[in-house]
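Could you walk me through this chain, from its overall make-up down to the salt bridges and the empty spaces inside? Here is the structure to keep open while reading.

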Amino acid sequence: MKITDMRNNGFILVFSCSIFDVLRHVSLFQQVRNITKWLWKIFHRDEIKGLSPDEQKIYFEEHKPLTHTYLFPELWVIGNAGCGVIVYCLMACQIISNFWGWICVVLVCLRMFEILVYHINVTLFDPIINFQNNYAIKSATRMLILLLINMVEYILYFSIVYLFFIPENVDVSCWQVFSMSMSAFMNIDMPIVVGSPNAVMVLVRLESIIGVFMNLICIARVIGMLPNVRTKDCN
């Protein structure tokens, strides 16, 4: 299916695919991959010189850098989650300056945006855009594990934002804000913090919306792709 064909696909699908195909590049993860690929071409210019585009693709697959392997996304997710835990602990203990706090908030917001765009693309648009290239994922089980880690990342990153904007409402317990964030993400309760700025309450509602998307759409989609398991029950 040619996704740019509005006559047959309608403008909503074409427009949405185009927008999120562009938004995937608004992420540090994708830029790291782009830069390393550009550097790879420079370092291997002698080897790929004279090769056809198809031969260059084959050579790249055989000698590709770490950033273009299945290992790199896993390292990226674990690394970001680990850094998030460290930042959360520093903010909970109030031993991080306002300047570095703003930098951390901006970075976690970019990371949350990156995760959201990634899952929207994987769930909705990548199978359509790459239909003619026999689009396939590495493993549904692997994707589910990474998805669960991403959900923990969301809860952690929103906790960091709450800690930064309402530090006076946080008691000694490091779990208070994390629990509030988890409640919002899981839509268990709409947490209200006394004296919170309106911007914080907007973030709480935004986290609840993202939680609905991740819990109902992404989880259901990935679970539906898991391999069937043979059972021993007798009917």
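What follows is a short tour of the fold, its salt bridges, its pocket and cavity, and a few single residues.

First, the ground rules. This is a predicted model, in which local features need pLDDT of at least 70, side-chain atom pairs count only at pLDDT 80 or more, and totals for chains, interfaces and linings use all residues. Residues are numbered from 1 along each chain as its sequence is written, and side-chain values use heavy atoms, with hydrogens and water left out.

**The fold**

The chain has 10 helices and 0 strands, where helices (H or I, at least four residues) and strands (E, at least two) are DSSP runs numbered from the N terminus. Of its 235 residues, 37% are buried; buried means under 20% relative accessible area, exposed over 50%, and partly exposed in between (1.4 Å probe, protein chains only). Take the contacts (heavy atoms within 4.5 Å) with a separation of 6 or more: residues 24 or more positions apart account for 72% of them. The chain exposes about 14,800 Å², with carbon and sulfur atoms supplying 66% of that area. Accessible areas come from the Shrake-Rupley method with a 1.4 Å probe, and for residues only the protein chains shown count as cover.

**Salt bridges**

A salt bridge here is a side-chain nitrogen of Lys or Arg within 4 Å of a carboxyl oxygen of Asp or Glu. By that rule there are 6 salt bridges, and three of the pairs are worth a look:

| Pair | N to O distance |
|---|---|
| Asp126 and Arg24 | 2.6 Å |
| Arg111 and Glu114 | 2.3 Å |
| Glu153 and Arg111 | 3.0 Å |

Glu153 sits in helix H8 and Arg111 in helix H7, so their bridge ties together parts that are 42 residues apart in sequence. Both Glu153 and Arg111 are buried. There is also a network in which salt bridges with shared partners join Asp21, Arg24 and Asp126. Arg111's other partner in the table, Glu114, lies with it in helix H7, 3 residues away, or about one turn of the helix.

Back to the salt bridge between Asp126 and Arg24, with its closest N and O atoms 2.6 Å apart. That pair links distant parts of the chain, with Asp126 in helix H7 and Arg24 in the loop between helix H2 (11-23) and H3, 102 residues apart. Asp126 counts as buried because its relative accessible area is 9%, while Arg24, at 23%, is partly exposed.

**Pocket and cavity**

Both are found on a 1 Å grid over the protein atoms alone: a cavity is a set of points where a 1.4 Å probe fits but cannot get out, a pocket is an open set with protein on both sides within 12 Å along at least five of seven lines, and lining residues have an atom within 4 Å of a point. Grid points are joined across faces, edges and corners, and a volume is the space filled by probe spheres set on the points.

The largest pocket has a volume of about 1,700 Å³. Its lining takes in 44 residues, and those nearest its centre are Arg24, Gln30, Arg33, Tyr70 and Tyr135. Which helix gives the most to the lining of the largest pocket? H7 does, with 9 residues.

There is 1 cavity of 30 Å³ or more, with a volume of about 40 Å³. Among the residues lining this cavity are Tyr118, His119, Met143 and Cys218. H7 again has the largest share of the lining, 4 residues.

**A few single residues**

Ser159, in helix H8, is buried because its relative accessibility is 0%. Not counting residues up to four places away in sequence, Ser159 touches Tyr88, Val177, Phe178 and Ser181.

Gln94 lies in the loop between H6 and H7. Is Gln94 buried or exposed? With a relative accessible area of 54%, Gln94 is exposed. Its phi is near 55 degrees, a positive value in a residue other than glycine.

Met182 is in helix H9 (residues 175-186) and is partly exposed, at 34% relative accessible area. The C-alpha atoms of Met182 and Tyr154 are 8.9 Å apart, with their positions 28 residues apart along the chain.
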